[in-house]
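The following exercises are to be worked through with the sequence and the structure at hand. Each task sentence is followed by a solution in steps.

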Amino acid sequence: MSIIISGTCGKAKAWKAHLSLEGINVILLNSNPFLLPLRLFYKAIRENVSVFVFRYLNDYSSLFKSALVFVCFVATLVLCRAFNIRVVWLCHNINSETNNHFPRITDIKRRMLLRIASEFAVTSPLLKAHFELFFGKKARFVFPIQSDWDAKNKAGSKELIQNTLDYRDRYLKGTSVRI
């Protein structure tokens, strides 16, 4: 059994190290979204890949590049279905992605993952409740990796909860904007 995690950053390397201790083979794929479907296909035909973890759903300032990234995203989902690979969404940001130049495209990608993913995870126990409130799906906290969000926000913050509710309402009405 192999798990593919998109990205090769420090967090991904820490997850790989932790899961390797439990005997799970973790493959880190360079997060270049244009090559993701090709790399997934290559790994899927050579190894027993059982889980694909989507992370950041960023886009580009160019509409052409963002549209191409969207096509590659859909192709990756189709490959996961074709090879019977479970999809997991590891959501780092509740309100929007880090690079969100075309919010409609990002919204569509998020909605697709909400329908297709078999599991949802967050990197902070503080984000768990906000994810569940915002998206209406159960999420689980993935092991202890300190995030900037933990340091900057306090659990139960009235302002944070209100911002989450306000954004969720706009998101669900299909008129989301970046906050």
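Two strands are taken to pair if DSSP finds at least two bridges between them. The model examined here is predicted.

**Exercise 1. Determine how many bridges join E1 to E2, and state which residue stands opposite serine 2.**

Step 1. Five bridges link E1 and E2. Because pairing requires at least two bridges, the two strands count as a pair.

Step 2. The strands E1 and E2 run parallel.

Step 3. Within E2, the residue opposite serine 2 is asparagine 25.

**Exercise 2. Place the strands in their sheet and identify which of them stand at the edges.**

Step 1. The protein has six strands, together with seven helices. Read from the N terminus, its elements follow the pattern β-α-β-α-β-α-β-α-β-α-β-α-α.

Step 2. Six strands form an open sheet in the order E2-E1-E3-E4-E5-E6, and their pairing is parallel.

Step 3. The edge positions belong to strand E2 (25-29) and strand E6 (140-141). Each has a single partner strand, so one side of each lacks a neighbour in the sheet.

Step 4. Elsewhere in the sheet, strand E3 (residues 49-54) and strand E4 (residues 86-91) run parallel and are joined by four bridges. Phenylalanine 52 has valine 87 of E4 opposite it.

Step 5. Helix H1 (residues 10-21) lies across strand E1 (2-6), E2 and E4. The angle between H1 and E2 is about 165°.

**Exercise 3. Decide whether the residues of E1 are buried or exposed, and describe the surroundings of isoleucine 3.**

Step 1. Five of the five residues of E1 are buried, which leaves the strand mostly covered.

Step 2. Ser2, Ile4 and Ser6 point one way from E1, whereas Ile3 and Ile5 point the other way; all are buried.

Step 3. Isoleucine 3, a residue of strand E1, has a relative accessible area of 11%. The cut-off for a buried residue is under 20%, so isoleucine 3 qualifies.

Step 4. Leaving aside residues up to four places away in sequence, isoleucine 3 touches Leu19, Ile24, Asn25, Val26, Ile27, Val51 and Val53.

Step 5. Isoleucine 3 and leucine 28 are 25 residues apart along the chain, and their C-alpha atoms are separated by 8.5 Å.

**Exercise 4. Work out how H3 packs against H2 and against H4, and which residues make the contacts.**

Step 1. Helix H2 (residues 36-46) packs on helix H3 (residues 63-82) at an angle of about 20°, with the axes 8 Å apart. The two helices are therefore roughly parallel. Their crossing is left-handed.

Step 2. From H2, the residues Leu36, Pro37, Leu40 and Phe41 meet Cys72, Ala75, Thr76, Leu79 and Cys80 of H3.

Step 3. The axes of H3 and helix H4 (residues 103-116) cross at roughly 10° and come within 11 Å. It follows that H3 is roughly parallel to H4 as well.

Step 4. On the H3 side, Leu63, Ser66, Val69, Phe70, Phe73, Val74, Leu77 and Arg81 take part. Their counterparts in H4 are Ile105, Ile108, Lys109, Met112, Leu113 and Ile116.

Step 5. Threonine 76, which lies in H3, has a relative accessibility of 0% and counts as buried. Beyond residues up to four places away in sequence, threonine 76 touches Leu36, Pro37, Leu40, Phe52 and Phe54.

**Exercise 5. Establish how many disulfides the structure holds, and classify cysteine 9 and cysteine 91 by accessibility.**

Step 1. A disulfide is a covalent bond between the sulfur atoms of two cysteines. The structure holds zero disulfides.

Step 2. Cysteine 9, at a relative accessible area of 33%, is partly exposed.

Step 3. Cysteine 91, by contrast, has a relative accessibility of 1% and is buried.

**Exercise 6. Find where asparagine 84 lies, and which residue with positive phi follows H5.**

Step 1. Asparagine 84 belongs to the loop between H3 and E4. Its phi is near 55°, a positive value in a residue other than glycine.

Step 2. With a relative accessible area of 69%, asparagine 84 is exposed.

Step 3. Glycine 136 follows H5, and its phi is positive, near 70°.

Step 4. Within helix H5 (residues 125-135), the buried residues are Leu127, His130, Phe131, Glu132, Phe134 and Phe135.

Definitions and conventions: Residues are numbered from 1 along each chain as its sequence is written. This is a predicted model: local features need pLDDT of at least 70, side-chain atom pairs count only at pLDDT 80 or more; totals for chains, interfaces and linings use all residues. Side-chain values use heavy atoms; hydrogens and water are left out. Contact means heavy atoms within 4.5 Å. Axes are lines fitted to C-alpha atoms, for helices over the stretch in contact, and angles run from 0 to 180 degrees between N-to-C directions. A disulfide is a pair of cysteine sulfur atoms within 2.5 Å. Buried means under 20% relative accessible area, exposed over 50%, partly exposed in between (1.4 Å probe, protein chains only). Angles under 35 degrees count as roughly parallel, over 145 as roughly antiparallel, 65 to 115 as roughly perpendicular and the rest as oblique. A crossing is left-handed if the near helix is turned anticlockwise from the far one by less than a right angle, and right-handed if clockwise.
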